[in-house]
Structures are given as structure tokens and as C-alpha cells.
Amino acid sequence: MRLGCGSDGGELAAMVFRVQIQPTRNRLANFLAQTDDLIREENRRCVAVAEKTAAAWSEIAAGCGLRNRTFIRDVDMFGEAEALSSAARTSDICMVSIGPEQEIDKAAAESMLFSSGRPLLIFPEANPLRDSGTFERIVVAWDASRAAARALGDALPLLIGASDVRILTVVGEKASARSGQGAEVIRHLALHGVQATVDEVDAAGRPIGQVLETYMNQQDADLLVMGGFGHSRVRDFLLGGATGALLKDPKFPVLLSH
């Protein structure tokens, strides 16, 4: 199940997939292994699981008093990520949990980040979001790039509600991240009623993902906000260092925008 949620007081939407495997066109394989029969049986199983999952989520949402919309969508095998990206374009923010054994989670997150045009909130499957639904301590990774600016804007409603906002610039890791850049972010946020603090950390040769994780732990922060970096060649994404590390194995909630 993947979630796309609206703003406060809005609607929480859950999409459940009925993955449909297409019949084979290999007559010999079908004759020897009855592959079409196996495919039909698996498709029936997928339908039953999807309907059960959708009903279970609707019951959970109703019990929590959430305004919820649950819908089931038929997709071909390996078409989940594209379907998610398309549906995400009319959501305020999209949520994906990433676990070590679910490769589809990473693929779905990559697709939504680069194709949906909407901010993406990822969080570790083993460490779900807090019950309060709020982020009190937020860190904004800032290098003055376009993607970082987009993330800052997308996260503004969350920053307004936070009690502690820190602007982090990691110097010595990329040429675009320079000392003193956080001052303009402080000015901008102050106009929206957000008081923030600037911190600068020298990467000192460490991978950017490691630097961010260490800082988040030191601050006991609830959420990291950052631009998602990557280059697309047809459908192949070359992820930036921090983006790739966080999508592979997030240790804490991360709001990414591209």
C-alpha cells in the first residue's frame, strides 16, 4: 500500500494495486508447464489480496477518524511505479515507507520523486512516523540549489508548525555549497514567521549521507528536508550521493523535492 495525503484537514488517499500478469505467447511453455493456468491463478490471488488489503486499510482509517479514500487500481507487473507517479500529481505530498526487503519501495520512491512533480516523504519501514503526525525538530539541508529551494518551499507548512528549525550547509562536499549561504534562508523564513538557526558542517572527506545522518542524530531531529538530485536518461536515473543513500536505506523521515 502507498499513501498520498493532503494538507491538514484534507484527505488521506491509499492506493492498492491489483497486479495482473499477462498470459504467455509461448505455446510450448504453456503446453509443458500450463503457464496460462498458473498465471490465471496468481491473478485471482492478487485480486483477493488487493481487496482484503483495501478493506483492512479503510477499517483502520475509519477507526482513526481519518477522512480517507481507498481505491484499487489494476496494473501490469512492474507498472506500479508509473501508476503511483501519475496518481501522485494531484496530491499535496506523497508518502512511501522503505524497507530492506522491498525493492519496489525504492523504485516507487525514485519514480515519484522525479516524475510526479510533488514532494515525497519517505520513512523507514522499521521506524514509522510518530503518532502525533507532527515534526517538531526539522533540519533543512541547504546548498542554494534549485532543488533545495523547491524542497524549502514544499516544506514551508511543516516548518511553520515546528518548534526548532535548523538550516544545515555541508561545506567541502560540493562547489555549490558555500559558507554563509544560510543567511538568506533565515531572512526568507522569518517573513513567514519561522525562526531558524544556521549550522555549517565540514564534510571532511566523509560521504554526504553519513554527514547528514550524524547531524540528524546529534540534533535528535524528526525530519530532514532536502532537494532530490538525479539525472534522467530515458528511464534510468543516476542519483546524487545523498539522494541515493537516503532512498536505499533511510534512518529517519526525509522530505524530498525535485
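Start by selecting helix H8, residues 208–219 (helices are DSSP runs of H or I, at least four residues, and strands are E runs, at least two, numbered from the N terminus). At 1.5 Å a residue, its twelve residues should span 16 Å, and the end C-alpha atoms lie 17 Å apart, which agrees. The expected span is 1.5 Å times one less than the number of residues. This is a predicted model: local features need pLDDT of at least 70, side-chain atom pairs count only at pLDDT 80 or more, and totals for chains, interfaces and linings use all residues. Residues are numbered from 1 along each chain as its sequence is written, and side-chain values use heavy atoms, with hydrogens and water left out.

Next, colour Ile208, Gly209, Val211, Leu212, Tyr215 and Met216 in H8, which are buried (under 20% relative accessible area; exposed is over 50%, partly exposed in between; 1.4 Å probe, protein chains only). Seen down the axis of H8, the buried residues fall within an arc of 160°, so they line one face of the helix; the arc is taken from the directions from the helix axis to the C-beta atoms. Turn to the face away from the buried side to find Asn217 and Gln218, both exposed.

Step past the end of H8 to Asp220, where phi is positive, near 50°.

Then select Asp222, in the loop between H8 and strand E9 (223–227). Asp222 is buried, with a relative accessible area of 4%. Which backbone nitrogen does the side chain of Asp222 reach? That of Glu136, at 2.8 Å. Also show Val139: its C-alpha is 8.1 Å from that of Asp222, although the two are 83 residues apart in sequence.

How values were computed:
A polar contact is a pair of N or O atoms within 3.5 Å; within protein, one must be able to donate a hydrogen and the other to accept it, and residues adjacent in sequence count only if both atoms are side-chain atoms.
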